[in-house]
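Student: Got a minute to go through this one with me? Let's have it on screen.
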Amino acid sequence: AHLRACVMYLLDLSEQCGYSIKQQVDLFNSIRPLFVNKPLLLVANKIDVVRMEELSPENRRLLEELGAQEDVEMVTMSTLSEEGVAAVKTRACDKLLAHRVEVKVKGKRIKDVANRLHLATPAPRDTKERPAQIPAAVLAARATAKKTPLHAKNKSKSITIKKKKGYGAMKVAPGDGLDVSDSDSDAAFDADDNDAAMDVSQKPRRRLAKEIQAEAGADYVLDFNQHY
């Protein structure tokens, strides 16, 4: 009774549990005081055996009176065929969520929080439409970027590669069709040779902290706020 939960009372419409519908309804009415201030679902199970429409007039009247009570909602399902099971779970979760929100709204702290909130709803000052404006320079740059092929963008980039057999250096530009990764080719990158240089403009490599420390020696001071 102390748990914040949605109570689901299951009724066996087929009466295969050994108790008649009247006995099940009487049991519900006897324990109903335990469900005060809690969301309550009355679940009629085993509709795969007996439907609500197939019940006797007396049993149907009992269930209708039970479902007409305040804060009592009746749903139907069948655990065997799984008909209505998902709907019952969803409805129980929705009732529990609505109940918790209602309890919080009625609490004392809601007033303190509500005093700090202000919901502003802007009102239109006129009927004039104001769509988003993109500068003409931006539109022109986008159009140029779409029309310019990729090899034209990299036209100015070239790489100087040293031949291994001593034939000097050669300059290769993008689109020349030379595959420098081919094992049969004599052209290869020599990272340790100064003759293999990059003609492209690129940023200088950032010095590592250990390099700066080795250069400064005993005067090195670690700055924790350097990159933060």
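Tutor: Let's take helix, strands, aromatics and cysteines in turn.

Student: Ground rules before we start?

Tutor: This is a predicted model, where local features need pLDDT of at least 70, side-chain atom pairs count only at pLDDT 80 or more, and totals for chains, interfaces and linings use all residues. Residues are numbered from 1 along each chain as its sequence is written, and side-chain values use heavy atoms, with hydrogens and water left out.

Student: Which residues are buried in helix α1?

Tutor: Ile-21, Gln-24, Val-25 and Phe-28, within residues 21–31. Buried means under 20% relative accessible area, exposed over 50%, partly exposed in between (1.4 Å probe, protein chains only). Helices (H or I, at least four residues) and strands (E, at least two) are DSSP runs, numbered from the N terminus.

Student: Where do they sit around the axis of α1?

Tutor: The buried residues of α1 fall within an arc of 100°, so they line one face of the helix. That arc is taken from the directions from the helix axis to the C-beta atoms.

Student: Why would that spacing work?

Tutor: An α-helix has 3.6 residues a turn, so residues three or four places apart point the same way.

Student: And what covers the buried residues of α1?

Tutor: The cover includes β1 (7–12), β2 and α2.

Student: Switching to strands. How many bridges join β2 to β3?

Tutor: Four, and the two strands run parallel. Strands pair if DSSP finds at least two bridges between them. One of the partnerships is Leu-41 with Glu-73 in β3.

Student: What does Asn-45 touch?

Tutor: Asn-45 lies in β2, residues 40–45. Leaving out residues up to four places away in sequence, Asn-45 touches Leu-10, Leu-11, Asp-12, Leu-13, Met-77, Ser-78 and Thr-79. Contact means heavy atoms within 4.5 Å. Asn-45 counts as buried because its relative accessibility is 10%.

Student: Aromatics next. How many pairs?

Tutor: Two aromatic pairs. Phe-28 and Phe-35 make a tilted one, 6.5 Å centre to centre with 40° between the planes. Rings of Phe, Tyr and Trp (its six-membered ring) pair if their centres lie within 6.5 Å; planes under 30 degrees apart are stacked, over 60 edge-to-face, the rest tilted. Tyr-9 joins Phe-28 and Phe-35 in one cluster.

Student: Is Phe-35 buried or exposed?

Tutor: Buried, at 15% relative accessibility. Phe-28 is buried too, at 0%.

Student: Last one. How many disulfides?

Tutor: Zero. A disulfide needs two cysteine sulfur atoms within 2.5 Å. For Cys-93, the nearest cysteine sulfur is that of Cys-6, 8.2 Å away. Cys-93 counts as exposed, at 53% relative accessibility.
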